[in-house]
Amino acid sequence: TSLVVAVDGPSGSGKSSTARGVADRLGLAYLDTGAMYRAMTWALLRAGTDLSDPDAIAAAARGIHLESGVDPLDPTIYADGVDVAEAIRGENVTAAVSYVAAVPSVREQLVAMQRQSIADNGDRIVVEGRDIGSTVAPDADFKIYLVADPAARAARRAAEDGSADALATEQALAKRDEIDSNRAASPLAMADDAVLVDSTYMTLEEVIATIVDMVEQ
Ligand code: C5P
């Protein structure tokens, strides 16, 4: 039987750790769609594409081949055959990714890949992103919208990045969320039938358990 779990929400809400933990506990595949937008951005930066030009982005993106592994304990991502798992977390990619993700044809290209991956995994998968419950998998069996207070998000992210500057991190996250929420194509927004989970005062284990319980009930 199919079990598609959509996990959406703003940057730094704990989506990745949560979605991986839920997939592991439920024996499901895991797809990180943010990593796909990041890998596309990495490849465009490498190619020297002008990221202020949506038409240039659209044209160059068509020739880029991405591959995502779906093991929640070892997610992998390749762009044109290069392992970019580490490189896509770099500041240059993070600062540029929202501009690439705003280009409609890039979204069409990646959404098609994401739907293919869901089908390839027999509709048994946790999919993490911004538009999963609304656009990629509107028929998902469960839809979670994960949020956390901006300060909590920034503190967690700064700890992950080893950065001492939580305020700069908070501003960068806010900037990315603003672009993601205001773009014309599939903006970041909670689907009508999603369940809101606020992780501000919860541990990771509590958030994972909340979602696993929801699915198992
Ligand atoms: O989740 P992560 O922070 O890695 O996502 C990076 C960026 O990719 C987001 O800020 C957003 O611009 C874009 N994204 C998106 N749609 C998704 C996943 C990510 O537009 N489904």
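This note sets out numbered points on a predicted model, covering the sheet, the core, the ligand shell and two backbone outliers.

1. Sheet. Five strands make up an open sheet with parallel pairing, and their order is S2-S6-S1-S7-S8. Strand S2 (29–32) and strand S8 (195–198) are the edges, each pairing on one side only. On average, neighbouring strands of this sheet are turned by 20° against each other, direction ignored.

2. The S1/S6 pair. Strand S1 (residues 3–8) pairs with strand S6 (residues 124–129) in the parallel sense, and the pairing runs over six bridges. Within this part of the sheet, Val7 stands opposite Glu128 in S6.

3. Helix H2 against the sheet. H2 lies across two strands, S2 and S6, and runs at about 55° to S6. The helix spans residues 33–47. It comes up again in both of the next two points.

4. Nonpolar core. The largest nonpolar core has 52 residues, and the members that touch the most others are Ala39, Met40, Ile125, Val126 and Val127. H2 gives the most to this core, with eight residues. For Met40, leaving out residues up to four places away in sequence, the contacts are Ala61, Ile64, Leu66, Val100, Val106 and Leu110.

5. Ligand shell. The ligand is surrounded by 13 residues, of which Gly34, Tyr37, Ala101, Gly129 and Arg130 are the closest. Helix H2 (33–47), helix H4 (91–101) and helix H8 (166–182) are the elements that give two or more residues to this shell. H2 gives the most, with four residues. By class, the shell divides into three nonpolar, five polar and five charged residues.

6. Asp80. This residue has a positive phi of about 45° although it is not a glycine. Asp80 sits in the loop between strand S4 (77–79) and strand S5 (82–83). Is Asp80 buried, partly exposed or exposed? It counts as partly exposed, because it has 15 C-beta neighbours inside 10 Å, and the partly exposed class lies between 12 or fewer for exposed and 20 or more for buried.

7. Ser186. Here too the residue is not a glycine, yet phi is positive, at about 40°. Ser186 is in the loop between H8 and S8. Ser186 has 20 other C-beta atoms within 10 Å and is therefore buried; the class begins at 20.

8. Points to look at in the viewer. For H2, inspect the crossing over S2 and S6, the four residues given to the ligand shell and the eight given to the core. For the backbone, inspect the positive phi at Asp80 and at Ser186.

Note on methods
Residues numbered from 1 in each chain as written. Predicted model: local features only at pLDDT ≥ 70, side-chain atom pairs only at ≥ 80, totals over all residues. Near = placed C-beta within 6 Å. Nonpolar A, V, L, I, M, F, W, Y, C, P; charged D, E, K, R; others polar. Core = buried A, V, L, I, M, F, W, Y, C linked by C-beta atoms within 7 Å. Contact = placed C-beta atoms within 7 Å. Pairing = 2+ DSSP bridges. Axes fitted to C-alpha atoms, helices over the stretch in contact; angles between N-to-C directions.
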